[in-house]
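Subject: Structure for you to look at

Hello,

Here is the structure I said I would pass on. Please open it first, then read the notes below it.

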Amino acid sequence: MTSEQAQALIGMIVVLGILVLLVLPALLGIAHDRRVDRQLREAEKRRTPSQKSSSRSTVPSTATWYAEGRRSKKLVSS
């Protein structure tokens, strides 16, 4: 093996190593998301119907409260 071939081989190994370092976190993130999604689906299947109806909050969010306040002010000022 000549020195040029050795340098080319080292260069390819370095490039492949960098590619693995860039792709590995993405693959780990995808695997983690799939695991979380599977756990959520399993938890949803185990819930009883009475739990489903009580899971939603009856308190409006801040955005809803703010939007309703803005609407009522427009009606008064018109």
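**Surface and burial**

The accessible surface of the protein comes to about 7,600 Å², and carbon and sulfur atoms account for 64% of that area. Keep in mind that this is a predicted model. What share of the 78 residues is buried? The answer is 0%.

**Helices and confidence**

The protein contains 3 helices and 0 strands. Read from the N terminus, the order of elements is α-α-α. Helix H1 covers residues 3-46, and helix H2 covers residues 49-54.

The predictor's confidence is not even along the chain. Helix H1 has the highest confidence, at a mean of 95, whereas helix H2 has the lowest, at a mean of 60. Over the whole protein the mean pLDDT is 83, with 69% of the residues reaching 70 or more.

**A nonpolar patch**

Nine names are worth finding on the surface: Ile-10, Val-14, Leu-16, Ile-18, Leu-19, Leu-22, Val-23, Leu-27 and Ile-30 form a nonpolar patch. Together these residues have about 860 Å² of accessible area.

Take Ile-10, which is one of the residues in this patch and sits in helix H1. Is Ile-10 buried or exposed? Its relative accessibility is 53%, so Ile-10 counts as exposed, because the class begins at over 50%.

**A positive patch**

There is also a patch of positive charge on the surface, where Arg-35, Arg-38, Arg-41 and Lys-45 gather. Of these, Arg-41 can be placed in helix H1.

**The salt bridge**

How many salt bridges are there in the count? The count is 1. Which side chains meet in the salt bridge? They are those of Glu-44 and Arg-47, with a distance of 3.2 Å from N to O.

Each partner can be classed by its accessibility. Glu-44 has a relative accessibility of 36%, so Glu-44 counts as partly exposed. Arg-47 has 28%, and therefore Arg-47 counts as partly exposed too. Both values fall in the range between the cut-offs for buried, under 20%, and exposed, over 50%.

**Where to start**

If you want an order for looking, begin with helix H1, where confidence is highest. Then find the nonpolar patch that includes Ile-10, and after that the positive patch that includes Arg-41. Finish with the salt bridge between Glu-44 and Arg-47.

Regards

Conventions
Residues numbered from 1 in each chain as written. Predicted model: local features only at pLDDT ≥ 70, side-chain atom pairs only at ≥ 80, totals over all residues. Heavy atoms only, no water. Patch = residues over 30% accessible without salt bridge, like charges linked within 9 Å, V, L, I, M, F, W, Y side chains within 5 Å. Areas by Shrake-Rupley, 256 points an atom, 1.4 Å probe, with all protein chains shown as cover. Salt bridge = Lys/Arg side-chain N within 4 Å of Asp/Glu carboxyl O. Lys, Arg positive; Asp, Glu negative; His and termini not counted. Charge placed at Lys NZ, Arg CZ, Asp CG, Glu CD. Helix = DSSP H or I, 4+ residues; strand = E, 2+ residues; numbered from the N terminus. Buried < 20%, exposed > 50% of the residue type's maximum accessible area, 1.4 Å probe, protein only. pLDDT = per-residue confidence, 0-100.
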